[in-house]
Amino acid sequence: MTADLDMDAALALEIYRQMQLIRRFEEECSVQYMRGRIRGFLHLYIGEEAVGVGAISALEDDDYVVSHYRDHGHALAKGLDPSAVMAELMGRATGLSAGRGGSMHLFDVSRGFMGGYAIVGGQLPVATGLGLAISHLGEERIVMCFLGDGAVNQGVFHESLNLAKLWNLPVLFMLENNLYGMGSHIDHTHAAGRDLYTSADSYNIPAMQVDGMDVVAVREAASEAVRRVRADQGPVFLEAVTYRYRGHSMADPVQYRDNEEVARWVARDPIPSFVDRAVAAGLVGQDDLAAARAEVEEVVAGAVRFAEESAEPSVESMYEHVLG
């Protein structure tokens, strides 16, 4: 692996800081879940940080991001307030959705983060609709839609890709292939095999595959895809092959994969891999990294304190924001 990186020192340090923030935030979420402060389902992004950070770093601030139920990492990479995210996870009134959405439904219109969605594939028509709105309004922004490998076999996946191509919509479909749909390995669940990006061929959508454990490779591939979408060339499909280090959710004992497989992927951990390259390229030093880690620890600890000290939604607010 070459140490040459096409970025300056500031960007390299920011990429490291974002991946480290997501890792430590998710590790703390695991702790808070075990303490009973986060309830319901909790799907962690540990191991997949290079995809979210690499892809979202290619966007402009006013571009949209739509996510799935493993959405914490995307939210943080898009610049959402970690304290408001943690408060939402704990069901507090100061959360992004006033404690009503929880882990799988993070949302912040001000940052262009248009939600995590608990239904597999449920985000795809939302992203396509946003692309249609952008097209009608003549805006310059684009939509980045994250989806998991399990969504590829949903009917709405094909409907969304078909309409996006027919209407030439500015949508980048960003597939995170972590090889498992819940507890089933991809080899047993997908007729298309591991190269899921070929699914876009049926709709004449340009598609490519990238190493999702390499944040630089993801950023470069996403930047090229974003350039094509922004140049009115229609939708693009990008598959990042990655791996989740934890179970499907916190309720998953992960008894369906062996330790050797996990060890092979942990050896490719995207954070230390990037650090080695950035240090070798002379972009960051150990003092820079230590300062970034200290900042991240403070941010995560502050997010927990903020959430713990925040009130739960009042009973009187139960019917607020309810349409009927």
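Colleague: In this predicted model, how many residues of helix α2 are buried?

Modeller: Helix α2 spans residues 49–56 and is mostly covered. The buried residues of α2 include Glu49, Val51, Val53 and Ile56, and Ala50, Gly52, Gly54 and Ala55 are buried as well. The number of buried residues in α2 is therefore, with buried meaning under 20% relative accessible area, eight of eight.

Colleague: What is the strand order of the open sheet of five strands?

Modeller: The pairing in this sheet is parallel. Its edge strands, each pairing on one side only, are β1 (64–66) and β6 (207–211). From one strand to the next, the twist averages 20°. The order is β1-β2-β3-β7-β6.

Colleague: Which residue of β2 stands opposite Val66?

Modeller: Strand β2 covers residues 143–148 and runs parallel to β1, to which three bridges join it. Within β2, the residue opposite Val66 is Cys145.

Colleague: What angle does the direction of α2 make with that of β2?

Modeller: Helix α2 packs on the sheet and touches β1, β2, β3 (171–177) and β7 (236–241). The angle between the direction of α2 and that of β2 is about 165°.

Colleague: At what angle to β2 does helix α5 run?

Modeller: Helix α5 comprises residues 123–137 and lies across β1, β2 and β3. Its angle to β2 is about 170°.

Colleague: Is Arg24 buried or exposed?

Modeller: Arg24 is found in helix α1, residues 9–34. Its side chain forms a polar contact of 2.8 Å with that of Glu27. Leaving aside neighbours within four places in sequence, Arg24 is in contact with Val296, Glu297 and Val300. Because its relative accessibility is 17%, Arg24 counts as buried.

Colleague: How are α4 and α10 oriented to each other?

Modeller: Two packed helices are described by the angle between their axes and the distance between the axes. The axes of α4 (residues 82–89) and α10 (residues 286–309) come within 8 Å and cross at roughly 45°. The two helices, α4 and α10, are therefore oblique.

Colleague: Which residues of α4 make the contact with α10?

Modeller: In passing α10, α4 makes a right-handed crossing. On the α10 side, the contact is made by Val299, Gly302, Ala303, Val304, Phe306 and Ala307. On the α4 side, the residues are Pro82, Ser83, Ala84, Met86 and Ala87.

Technical notes:
Residues numbered from 1 in each chain as written. Predicted model: local features only at pLDDT ≥ 70, side-chain atom pairs only at ≥ 80, totals over all residues. Heavy atoms only, no water. Buried < 20%, exposed > 50% of the residue type's maximum accessible area, 1.4 Å probe, protein only. Helix = DSSP H or I, 4+ residues; strand = E, 2+ residues; numbered from the N terminus. Polar contact = N/O pair within 3.5 Å; in protein donor to acceptor, adjacent residues only side chain to side chain. Contact = heavy atoms within 4.5 Å. Pairing = 2+ DSSP bridges. Axes fitted to C-alpha atoms, helices over the stretch in contact; angles between N-to-C directions. Parallel < 35°, antiparallel > 145°, perpendicular 65-115°, else oblique. Left-handed = near helix turned anticlockwise from the far one by under 90°.
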